[in-house]
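Hi,

Here is the structure I promised to pass on. Have a look at it first, and then read my notes underneath.

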Amino acid sequence: MSYREFLHRVPKAELHCHVVSTIRPQRLLDWAAERGVALPTRDLAALSTYRGLADFLAVFNAAHAVFRTPQDLALVAYEGVADAVASSNLRYREHTVNPDAFSPQGFALADVLDGLTAGLRRAEEEFGVGFGVVVALQRGRDLATAEALLDGVLALGRPEVVGFGQDDLAASGLEAATDWAPVYARAAAAGLRRTAHVGEIATASAASVLQAWDVLGLDRVDHGYHVLDDEECVRGALERGVRFDVTPVSAHLLSGWPLDAAHPVARMLRAGLDVNLSTDDETFFATSLATEYEHVGLGMGFGPDVVERLCRAGVEAAFCDESTREHLREAFSAQLHALRGELL
Ligand SMILES: [Zn+2]
C-alpha cells in the first residue's frame, strides 16, 4: 500500500465540520436554481476561490437559504457522512450547525436539530459512524440572540447536542470570541462542552486564543493558528493542554499559508500542540478529510507516527461519552495497526 493510500484509509474522527458545507456541490446548485436562491456564483470551480474569510462567508451564509424542510437537512447530513466514509474512512463526526442561519427560511430550532439528527441516525445505522451536534451561535448577531438560542437548546434537551460553539464573524469583522462569555458560562453550567473559532484571521492575536480558552472555559479551539505568533502563548497552550481543531486547506485558501512545512498546522505539530484534523467547509473549499491528511502526510512531510497521532487526537478531543470513546480507541488501534503493517 502506498503512503497516499494509507493516508486515505486511516480511521478518522472529524470535529470541526459545518454541516451545511457537506452539501454535494451539484445539489447546492440544483436547489438554488429550483428554489430561486441567488448564490454569489454558479460556477463550481469558483466556489472554492475566495478573497478572504468575509468573501467565503457570503457564499456560506447564502447556502443556508437553499434549505426548505427538515428532510432537506436530513438528506444533506446523511449524504455528507456517506461521502466522507467513502472518500476518507470517516468513523465519527461532530457536526456544527448554526440554527439562527436557518430561521429566515422558517425553521424552528427543533426543525433544524431533528432534521439533522434524523439524517445522522440513518448514517450511523448504515455506516456505524457515531456523531454529536455542536450548536453554534451567530457572531454577527447580539448576545440576546445567543442567549435565546441556548435557552431553546436547553428547553429541547436533545441528547445529540453535545457542544456549543461559534459561527460567522462579529459585525465588526473581528472574532471577538470572549464577547459571548455570559452565554458560555450558562452552557457550561448546563453540561454542554465548549469550542470557539479563535486565532484564525489576520487581526487575531496569539493572546486571544488563550484568553478565549480561559474566559469561555473552552474544551477545544477551532483553528487557533495565531497562537504561534508568540512563543510564550505556545507554552501557555501546552501547559493548558489546549486542543485545536485545525483545517489545513481552509487556512490555506483564506489566509494564504502554503500547504507545506511552513503551514501553521505543520508548525503546531512540531511545537507539540494537541491538534486534530478537519475539513471545516468541505464543499466550499473543494476538500475532503482524506485530502487534509494527504496535505499533512505528503505536503507537510510528516510520517505515519504523526498521522497516527492526528487520528487518535480526534478521538481524545471528541465530545462523546466515555464508552463511545473507548470503543473508538479500540477500533482505531486495530485499524491503524493493520494499516501500518501493510505500508510499503
Ligand atoms: Zn469553522
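**Notes on the cavities, the pocket and the zinc site**

The second largest cavity is lined by His18, Val19, Val20, Phe60, His64, Thr96, Val97, Asn98, Phe102 and Asp167. Before I go on, a word on where all this comes from: the model is predicted, so to speak of local features pLDDT has to be at least 70, side-chain atom pairs count only at pLDDT 80 or more, and totals for chains, interfaces and linings use all residues. Residues are numbered from 1 along each chain as its sequence is written, and side-chain values use heavy atoms, with hydrogens and water left out.

Back to that cavity. On a 1 Å grid over the protein atoms alone, a cavity is a set of points where a 1.4 Å probe fits but cannot get out; a pocket is an open set with protein on both sides within 12 Å along at least five of seven lines, and lining residues have an atom within 4 Å of a point. Grid points are joined across faces, edges and corners, and the volume is the space filled by probe spheres set on the points. The second largest cavity holds about 30 Å³. Its lining has five nonpolar, four polar and one charged residues (nonpolar: Ala, Val, Leu, Ile, Met, Phe, Trp, Tyr, Cys and Pro; charged: Asp, Glu, Lys and Arg; polar: the others, Gly among them).

There are two cavities of 30 Å³ or more. The largest cavity has a volume of about 110 Å³. Of the 17 residues lining the largest cavity, Leu53, Phe56, Leu57, Asp167 and His197 come closest to its centre. Helix 3 (53-63) and helix 10 (248-255) are the elements that give two or more residues to this lining, and helix 3 has the largest share, with four. (Helices, H or I with at least four residues, and strands, E with at least two, are DSSP runs numbered from the N terminus.) By class, the lining of the largest cavity has seven nonpolar, four polar and six charged residues.

Now the largest pocket, with about 500 Å³ of space. Its lining counts 26 residues, and Tyr92, Gly130, Phe131, Cys320 and Thr324 are the closest to the centre. Helix 14 supplies the largest share of the lining, six residues. By class, 13 of the lining residues of the largest pocket are nonpolar, seven polar and six charged.

Then there is the metal. Which residues hold the zinc ion? His16, His18 and His197 coordinate the zinc ion through NE2, and Asp280 does so through OD, at 2.1 to 2.2 Å. Donors are N, O and S atoms within 2.8 Å of the metal (3.2 Å for Na, K and Ca); water is not among the atoms, so sites may look incomplete. The arrangement is irregular because the four donor atoms subtend angles of 81 to 172 degrees. (Four donors count as tetrahedral if all angles lie between 85 and 135 degrees; four count as square planar and six as octahedral if opposite donors are over 155 degrees apart and all others between 65 and 115; anything else is irregular.) His16 in strand 1 (residues 12-18) and Asp280 in the loop between strand 8 (274-277) and helix 12 (289-299) are 264 residues apart, so this pair links distant parts of the chain. Both His16 and Asp280 are buried (buried is under 20% relative accessible area, exposed over 50%, partly exposed in between, with a 1.4 Å probe and protein chains only).

Cheers
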